[in-house]
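Here are my notes from a pass through this one. Have a look at the model first, then read the points alongside it.

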Amino acid sequence: MTIHERRDLAATDAILQVEDVTKTYGAVQALRGVTLSIRRGAIHGLLGENGAGKSTLVGIISGQRTPSSGRITMDGRVLDHVDVKSMEEAGVFLVTQEPMIIDNMTAAENLMLGIWPARRGFVDWKALRADAARMLAGSGIDAGALAGRLDAVARRKLNILRAMFSGGKVIILDEPTAALTVADRKLLFDFMRRLKSEGVTFIFISHYNDEILEICDAVSVLRDGNLAGGSDDVAAMSSEQLTELVLGRGLKLFQRQRRDHAGKAPAVALRELRGQHLALPALDIAPGEIVGFTGLPGAGAKELARAIFGLYPARGRITLNGTERDLPGSPRAAFDAGIAYLSDDRRRDGAVGQMSIGQNIAMSSLPARMRMGFIDRAAEAAVVARYFGAMDVKAPGPEYAVDTLSGGNQQKVCLGRVLATDPRLLIVDEPTRGIDVGVKQDVLRIIDELSSRGVSVIIVSTDTDELVRAVDRVCVFENGAIKETLTGDNITVERLRASVQA
Ligand SMILES: Nc1ncnc2c1ncn2[C@@H]1O[C@H](COP(=O)(O)OP(=O)(O)OP(=O)(O)O)[C@@H](O)[C@H]1O
């Protein structure tokens, strides 16, 4: 067992070394003297709470951000004045969650895109195109296929291949499995293992212990800008040990006391719902019940949730608080009926960056605090304080701009904003994606508390562990309909996986 303050690897072993790197943003010290080595040909995991400094560190390694002090050595060469260009020339590439792909170009042309701007003078396009085709052939992607038609895994593969095609030796993947199904994740991991066997080194950011344990050879854990520890032998580590390194303490995983709602009068009743690829004769949800919606992409789980909030074209009837009406035609109508919704598309429905954390939290619930045209400031301050605290947002105070928060912390703000509206029916889509393991428990706990006050909740999730811990009932979707419903002790990771994949 080797949890240790990282010792220096022999220089020949290390392809990349980070030495005593610090980074300050105004008053915030994001990195406090981090030293670590990345072994050549390894998949090196990077783990840590939201705001621990992971994005800042890989931003510095890839030249996107400038360190306040410290140095980076690649292949034994110290790189001064690192910028993106010099790091890419040295062979370090950052592949972000947002695929930089041009949809109306072919897969091969997208690979070549990495080289285009870099090379001057004579370029043998024919040879280059042949090289691109060869590289794609091994990955199962048709070189001539329009990139816009590729599925999620192929797009992620394409990004990784482009980095390699441009000379990438160290490829940094920032949460590459977000929004992938279990099967797609496996395909991506197989692909990474293959590239690793060809000598590629990966730095892999994830919030999921099981992913780190499955794919990584080594791991480094950041906590509050410090290196909390790590291991060169991930195989010898347990999930609990990883969590303890991340949090600096053990973690009690949340588990809802599942309730049986059979026989209760429903708080929400859906009838004869029909939309494109969606058909639901009836679904009742009891007051205080938490229902999980899951399934493969396009199976109907997400679509139904969006239809209830007026975001997906569908017809049908909904009874809420004893009033029957047509399905809301718009989010505004849904909101007025007491429905709140958090989308998984943080980019579109995300926080407003220039506004403060507090303003973001208070924004959606504003109408409820208007008294004859005046905003009840005391009530607003109470709501902000409550959710700023409950979500454990990592910032000096709620007056700070959302822009300055890490990705995971921005997401907590979005969730706080939705919870603050005090809905009758709360719909959350992938509520803990991108959120660290500690806060994940808090989020599930907050939703649980809300339900005990009588709020009905729908959690759309592909995270089976989350469903097992948080819901009373799971509806598994297929072809736009509910294929199977699991309740009580039947809600297990194994049964859910089997049902979704079957
Ligand atoms: N541009 C910025 N201005 C001010 N502070 C910033 C800026 N970017 C990051 N920070 C702060 O630096 C710290 C580290 O943030 P970073 O994004 O590196 O965390 P992270 O580990 O990647 O988190 P997450 O898992 O949430 O993505 C946080 O406290 C964050 O608020």
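The points below go through sheets, a helix, two unusual backbone spots and the ligand shell of this predicted model.

1. Let's start with the open sheet. Four strands make it up, in the order β12-β11-β14-β15, and the pairing is antiparallel. The edges belong to β12 (278-285) and β15 (323-326); each has a single partner strand, so one side of each has no neighbour in the sheet. On average, neighbouring strands here are turned by 5 degrees against each other, direction ignored.

2. Staying with that sheet, β11 (residues 268-275) and β14 (residues 314-320) are antiparallel partners over six bridges. If you want a spot to check the register, G275 sits opposite A314 in β14. Helix α9 (residues 301-308) lies across β11, β12 and β14, and it runs at about 70 degrees to β12.

3. Now to β14's far end: what is odd about the phi of N321? It is near 55 degrees, a positive value in a residue other than glycine. N321 is found in the loop between β14 and β15. It counts as exposed, with 11 C-beta neighbours inside 10 Å.

4. E175 makes a good companion case. Its phi is near 45 degrees, again positive in a residue other than glycine. The residue belongs to the loop between β7 (170-174) and α6 (182-197). Is E175 buried or exposed? With 20 other C-beta atoms within 10 Å, E175 is buried, whereas N321 is exposed. I'd look at both loops on screen.

5. Next, the parallel strands. β20 (residues 456-460) is mostly covered, with five of its five residues buried. S456, I458 and V460 point one way from the strand, while V457 and I459 point the other way. Which strands pair with β20? Strand β13 (residues 290-295) does so in the parallel sense over four bridges, and β19 does so, also parallel, over five bridges. For reference pairs, V291 has I458 as its bridge partner in β20, and L426 stands opposite V457 in β20.

6. Carrying on from β19 (residues 425-429), this strand also pairs with β16 (residues 339-342), in the parallel sense and over four bridges. L342 stands opposite V428 in β19. In β16, I339 and Y341 point one way and A340 and L342 the other, and all of them are buried.

7. Helix α8 (residues 239-247) is worth turning end-on. L242, L245 and V246 are its buried residues. Viewed down the axis of α8, they fall within an arc of 100 degrees, so they line one face of the helix. The cover over them includes β3 (43-48), α7 (209-215), β9 (218-223), β10 (226-231) and α15 (437-452). Just after α8 comes G248, which takes a positive phi of about 75 degrees.

8. Last, the ligand. How many residues are around it? There are 18, of which Y25, N50, S55, S406 and G408 come nearest. The elements giving two or more residues to this shell are β2 (28-39), α1 (54-61) and α14 (407-419). By class, the shell has five nonpolar, eleven polar and two charged residues.

Definitions and conventions: Residues numbered from 1 in each chain as written. Predicted model: local features only at pLDDT ≥ 70, side-chain atom pairs only at ≥ 80, totals over all residues. Pairing = 2+ DSSP bridges. Axes fitted to C-alpha atoms, helices over the stretch in contact; angles between N-to-C directions. Contact = placed C-beta atoms within 7 Å. Buried ≥ 20, exposed ≤ 12 C-beta atoms within 10 Å, placed from the backbone. Arc of directions from axis to C-beta. Near = placed C-beta within 6 Å. Nonpolar A, V, L, I, M, F, W, Y, C, P; charged D, E, K, R; others polar.
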